[in-house]
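Open the structure in your viewer and keep the sequence panel visible. The stops below are meant to be selected in order.

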Amino acid sequence: MVLFEDRECGVCYLRYSRIDRVPRTLHCNHTFCTPCLETMGLHYSGLRTIRCPLCRQVTCMDRGLSLQEALFVNSQLWDNICEEQEEEENEREQEKKEEEKNSKIQVLPSSQVKW
């Protein structure tokens, strides 16, 4: 697997997600996000083809099939997306707790400070 496939699409360089940038694997086993694959797809006499931008191998699909039906989701990347999202959520929660803790520190106006 190519290094950038670990977290982001090699075409648009955006991070994979479980909603709009689902990682899908071509027949050559290279993975790209669904929107990029949609853009790269060409239609020829009843077939839809996608040429891999890395190795140039052509993946053919029946024109009636959507990418979701024709190409598998890269399960390793799919699982990593879930773990990364959980880590990001945990980091956000910790930041919120620190902000709440800092906001609880009461600052007295200068007129109330006793020297």
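What follows is a tour of selections, from the overall layout to individual side chains.

**The whole chain**

Begin with everything selected and shown as a cartoon. This is a predicted model. The protein has 3 helices and 6 strands. Read from the N terminus, the order of elements is β-β-α-β-β-β-α-β-α. Of the 115 residues in the protein, 28% are buried.

**Before the first strand: Y13, S17 and R21**

Select Y13, in the segment before β1 (23-25). Its backbone deserves a look: Y13 is not a glycine, yet it has a positive phi of about 60°. Most residues other than glycine have a negative phi. Is Y13 buried or exposed? With a relative accessibility of 52%, Y13 counts as exposed, because the cut-off for that class is over 50%.

Move on to S17, which also belongs to the segment before β1. S17 counts as buried, at 15% relative accessibility. Show side chains here and add D20: the side chains of S17 and D20 are joined by a polar contact of 2.6 Å.

Next select R21, again in the segment before β1. R21 has 19% relative accessibility and therefore counts as buried, since buried means under 20%. Add T34 to the selection and draw a C-alpha distance. R21 and T34 are 13 residues apart along the chain, and their C-alpha atoms are separated by 5.8 Å.

**T34 at the start of α1**

Keep T34 and centre on it. T34 lies in helix α1, which covers residues 34-40. At 9% relative accessibility, T34 is classed as buried. Which groups does the side chain of T34 reach? One is the backbone oxygen of V22, at 3.0 Å. Another is the side chain of R24, with which the T34 side chain makes a polar contact of 3.2 Å.

From R24, draw a C-alpha distance to A70. These two residues are 46 residues apart along the chain, with 9.6 Å between their C-alpha atoms. A70 sits in helix α2 (residues 67-70). Its relative accessibility is 22%, so A70 counts as partly exposed.

**The β1-β2 loop and T31**

Select N29, in the loop between β1 and β2. N29 is another residue to check for phi: the value is positive, about 75°, although N29 is not a glycine. N29 is exposed, with a relative accessible area of 59%.

Now step to T31, in strand β2 (residues 31-33). How accessible is T31? Its relative accessibility is 0%, so T31 counts as buried. Show the side chain of N74 as well, since this is the partner to inspect: the T31 and N74 side chains make a polar contact of 2.9 Å. Then add L77 for a C-alpha distance. T31 and L77 are 46 residues apart in sequence, and 9.2 Å apart in space from C-alpha to C-alpha.

**The salt bridge**

How many salt bridges does a search of the whole structure find? The count is 1. To see the pair, select E38 and R48, whose closest N and O atoms are 2.8 Å apart. The salt bridge links distant parts of the chain: E38 is in helix α1 and R48 in strand β4 (residues 47-51), with their positions 10 residues apart in sequence. The two partners fall in separate accessibility classes. E38 counts as partly exposed, at 34% relative accessibility, whereas R48 is buried, with a relative accessible area of 10%.

**The acidic patch on α3**

For the last stop, switch to a surface view and select E91, E95, E98, E99 and E100. These residues gather in a patch of negative charge on the surface. Take E98 as the one to examine in detail. E98 lies in helix α3, which covers residues 75-104. At 51% relative accessibility, E98 counts as exposed, because that class begins over 50%.

Terms used:
Residues are numbered from 1 along each chain as its sequence is written. This is a predicted model: local features need pLDDT of at least 70, side-chain atom pairs count only at pLDDT 80 or more; totals for chains, interfaces and linings use all residues. Side-chain values use heavy atoms; hydrogens and water are left out. Patches are made of residues with over 30% relative accessible area and no salt bridge: like charges are joined within 9 Å, nonpolar side chains (Val, Leu, Ile, Met, Phe, Trp, Tyr) within 5 Å. Accessible areas come from the Shrake-Rupley method with a 1.4 Å probe; for residues, only the protein chains shown count as cover. A salt bridge is a side-chain nitrogen of Lys or Arg within 4 Å of a carboxyl oxygen of Asp or Glu. Lys and Arg count as positive and Asp and Glu as negative; His and the chain ends are not counted. The place of a charge is taken as NZ of Lys, CZ of Arg, CG of Asp or CD of Glu. Helices (H or I, at least four residues) and strands (E, at least two) are DSSP runs, numbered from the N terminus. Buried means under 20% relative accessible area, exposed over 50%, partly exposed in between (1.4 Å probe, protein chains only). A polar contact is a pair of N or O atoms within 3.5 Å; within protein, one must be able to donate a hydrogen and the other to accept it, and residues adjacent in sequence count only if both atoms are side-chain atoms.
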